[in-house]
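Q: I'm new to this structure and would like a close look at just one part of it. Could you pick a helix and walk me through how it sits among its neighbours?

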Amino acid sequence: YGITLSEEQIAYNNEHNHFRVEYGNFITRDYPPEFYDCIYSIGAWEHVREKEIPALLKKLYAAIKPGGRLVKHFFCRVNDDVMAPAACSQIYFPGSMGSSYRYHAQAWEDAGFRVTHRSIHDYRPTLRAWHDNLVANRERALQLVDVATYNRYLTFFPASWRYFNDHM
């Protein structure tokens with residue numbers, strides 16, 4: 001069962017995977033109590049505003065059956081500094097501001113979760129691969145988006161790489 005705000009993901013799923021996926025906002029929706037054995041979230045928490053995190057985690061905690069778990073795969077600030085990430089967020093993701101890992105961890109505990117596993121992976125190889133792929137597919141990318149958007153992401157990947165390089 002899945003929830004997405006991407007109609008393209010739903011279409012792809014319907015054509016290839018046939019899982020139960022619906023269009024909806026996982027932040028604002030209501031969840032049935034003690035319904036899920038496990039909730040996996042992949043790449044979605046980057047888009048949850050900091051002030052929405054505690055209430056969402058409380059809803060999810062109530063939605064998981066006793067003994068169940070929440071698995072979150074997400075990109076966050078590695079420290080509590082907000083100046084560089086704030087500027088970057090507004091350029092690449094207007095209206096969004098990623099939270100620090102420390103903030104997430106405290107919100108999990110406050111909601112009732114207990115962290116049983118934490119792994120931090122080096123995101124730099126992924127960013128490098130995305131950058132190289134964008135450069136290698138420049139003409140196709142420019143068929144899909146304008147030059148300003150292409151250039152914005154052409155600079156996003158190295159800027160993000162530098163952030164991780166400086167803060168890991």
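A: Here is a walk along one helix, α5, and then its partner α7.

First, some ground rules. This is a predicted model, in which local features need pLDDT of at least 70 and side-chain atom pairs count only at pLDDT 80 or more, while totals for chains, interfaces and linings use all residues. Residues are numbered from 1 along each chain as its sequence is written, and side-chain values use heavy atoms, with hydrogens and water left out.

Now to the helix. α5 covers residues 124-136, which makes 13 residues. Helices here are DSSP runs of H or I with at least four residues, strands are runs of E with at least two, and both are numbered from the N terminus. From first C-alpha to last, α5 reaches 18 Å, close to the 18 Å expected at 1.5 Å a residue (that expected span is 1.5 Å times one less than the number of residues).

Which residues of α5 are buried? They are Leu127, His131 and Leu134. Buried means under 20% relative accessible area, exposed means over 50%, and partly exposed is in between, using a 1.4 Å probe and protein chains only. These buried residues cover an arc of only 65° around the axis, so they sit on the same side of α5; the arc is taken from the directions that run from the helix axis to the C-beta atoms. Turn to the face pointing away from that buried side, and you meet the exposed residues Pro125, Arg128 and Ala136.

So what covers the buried residues of α5? The cover includes α6 (138-144) and α7 (147-167), with contact meaning heavy atoms within 4.5 Å.

Let's stay with α7. The axes of α5 and α7 come within 9 Å and cross at roughly 160°. Those axes are lines fitted to C-alpha atoms, for helices over the stretch in contact, and the angles run from 0 to 180 degrees between N-to-C directions. The two helices are therefore roughly antiparallel to each other, a label for angles over 145 degrees. Their crossing is left-handed, meaning the near helix is turned anticlockwise from the far one by less than a right angle. On the α5 side, the contact is made by Arg124, Leu127, Trp130, His131, Leu134 and Val135. On the α7 side, the residues include Tyr150, Tyr153, Phe157, Trp161 and Phe164. Notice that Leu127, His131 and Leu134, the buried residues of α5, turn up in this contact too.

Terms used. Angles under 35 degrees count as roughly parallel, over 145 as roughly antiparallel, 65 to 115 as roughly perpendicular and the rest as oblique.
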